[in-house]
Amino acid sequence: MNLEFDVKNGNSIILVVQKQANDENKYNLIDSDKAVWMELRFTGKNLDIISQSTDIIDDAETIDSKLDLLLHSIIEAERSGTDEYSEAGDSTELNPYDPDKIKVRSDKISVTLISNMIESGDIDMNPDFQRNLVWNNFQKSRLIESILLRIPLPMFYFAEDDEGKLSVVDGLQRLTAIKEFMDNKFSLRDLQYLTDSCYGKYYEHEGIKKGLDPKYFRWFNLTTISANIIDPTSPYKVKYDIFRRINTGGRPLNNQEIRNCLTGQGLRDILKEMTALPEFKSATDNSIKSTRMDDQEIALRFLVFFIMYEKNRNINSYNGYMDATLDEFTELNIKTKKEDLEHYVVLFSNAMKNAEYLFGKRHAFRKILPKDISPNAHKQLINKSLFVCTSVLLAEFGHETIVDFNERDSLRSEIAMMIEEDDELFAYLSYGTNAKANLLYTFKSLKELFNKNIDY
């Protein structure tokens, strides 16, 4: 995230966040010349100002408001392990879809049919997304109680493919609860109105499990849900847009969690395989977290840009709109089989091993300056722009050749000096890094660095 402050000369200045090398809880707000304008301490809940340039003339309330926004960005970046605050401001869609082409139909579907469709695979539940945010028994029981009380449930949203199969756009947790109840996986607890008649009951009798009374069993099976189903002829962006607008599954999903819900099993499995590689975890020093699928999102970036590079030996066809690019790739590969993407796992593995060997696990893919490579320096966050460009360019170098002809960590000082001395590169790695000009300049700079310094 970049912050703009008013200064004494009547102009304004844009500052970028940089973690201090000597203290992992301290951050500097610096300009494009790397001059420090404000020093901050991150306490976990607050950003405290240690020092501030007297040239900044914003009042205290305005500064506090800006630092509150920055605090949120820093917390999210620390959780993900990547400097996401450098990406702000580049999410605009290049070509919005024509709203007249949206086709969504309303339908009623019985819970018994829902259960059958889930079992047959006609509804893709994708249970591996947000595994840490699954509903607890209280939430599940209250939902089933609402059904037994014949209270209408909120609208469900599905996306239909050309073969009539449905993927869940909104309502995954509710459908999971209904299916698990019908599979006798939990009994009803913490009820509000039906304690006397339904407490401790399962869906149906099974061994020592006591099922619902016949009246409630019939009522449950007669339940229908209201669903809006997105027609397959609608623009693919509709699914992602609807998901981002109406998703109600507790904490709002991030973009990669949404893609994971709507993509095919082949791509889903490949991303999990890539991020499970020991060499990926080692090269990134276990910095990129899997909790919100940040690891799969960065692996997806590698796939997108390597395939782009593979076709043209450059990434010039990138349009500068990262989210739209990743969404489009995900949509185009809904039916791609895992085996058709397996060879990219090998290339990704190769890139990770080469990056760790040439830069070191504490410095690979990070926006480092010479001061950041001292033995006691704290490591910087992963820079996604550097990750994409480095991994794509190193993927085709044979690892054994790299080891045979190059010294370990031989590029660590080289890239630190390059970022220090090239103000344009530093700026492109700090401000709106997803923009086309930023990524192309970073790619060009790294390509020149590798051509000059890697022996093979």
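**A pocket, a sheet and two helices**

Tutor: The second largest pocket has a lining of 26 residues, and Asp161, Lys165, Gly264, Ile334 and Lys335 lie nearest its centre. This is a predicted model: local features need pLDDT of at least 70, side-chain atom pairs count only at pLDDT 80 or more, and totals for chains, interfaces and linings use all residues. Residues are numbered from 1 along each chain as its sequence is written, and side-chain values use heavy atoms, without hydrogens and water.

Student: What makes a space a pocket?

Tutor: On a 1 Å grid over the protein atoms alone, a pocket is an open set of points with protein on both sides within 12 Å along at least five of seven lines. A lining residue has an atom within 4 Å of a point. This pocket holds about 630 Å³, the space filled by probe spheres set on the points.

Student: How do the lining residues divide?

Tutor: Eight are nonpolar, six polar and twelve charged. Asp, Glu, Lys and Arg count as charged; Ala, Val, Leu, Ile, Met, Phe, Trp, Tyr, Cys and Pro as nonpolar; the others, Gly among them, as polar.

Student: How do you know that E8 and E10 pair?

Tutor: Two strands pair if DSSP finds at least two bridges between them. Strand E8 (residues 156-160) and strand E10 (residues 224-230) have four, in the parallel sense. In one of them, Ala159 partners Ile230 of E10.

Student: Why are H3 and H4 called roughly perpendicular?

Tutor: Helix H3 (residues 137-148) packs on H4 at about 80 degrees. Angles of 65 to 115 degrees count as roughly perpendicular, so H3 and H4 qualify.

Terms used: Helices (H or I, at least four residues) and strands (E, at least two) are DSSP runs, numbered from the N terminus. On a 1 Å grid over the protein atoms alone, a cavity is a set of points where a 1.4 Å probe fits but cannot get out, and a pocket is an open set with protein on both sides within 12 Å along at least five of seven lines; lining residues have an atom within 4 Å of a point. Axes are lines fitted to C-alpha atoms, for helices over the stretch in contact, and angles run from 0 to 180 degrees between N-to-C directions. Angles under 35 degrees count as roughly parallel, over 145 as roughly antiparallel, 65 to 115 as roughly perpendicular and the rest as oblique.
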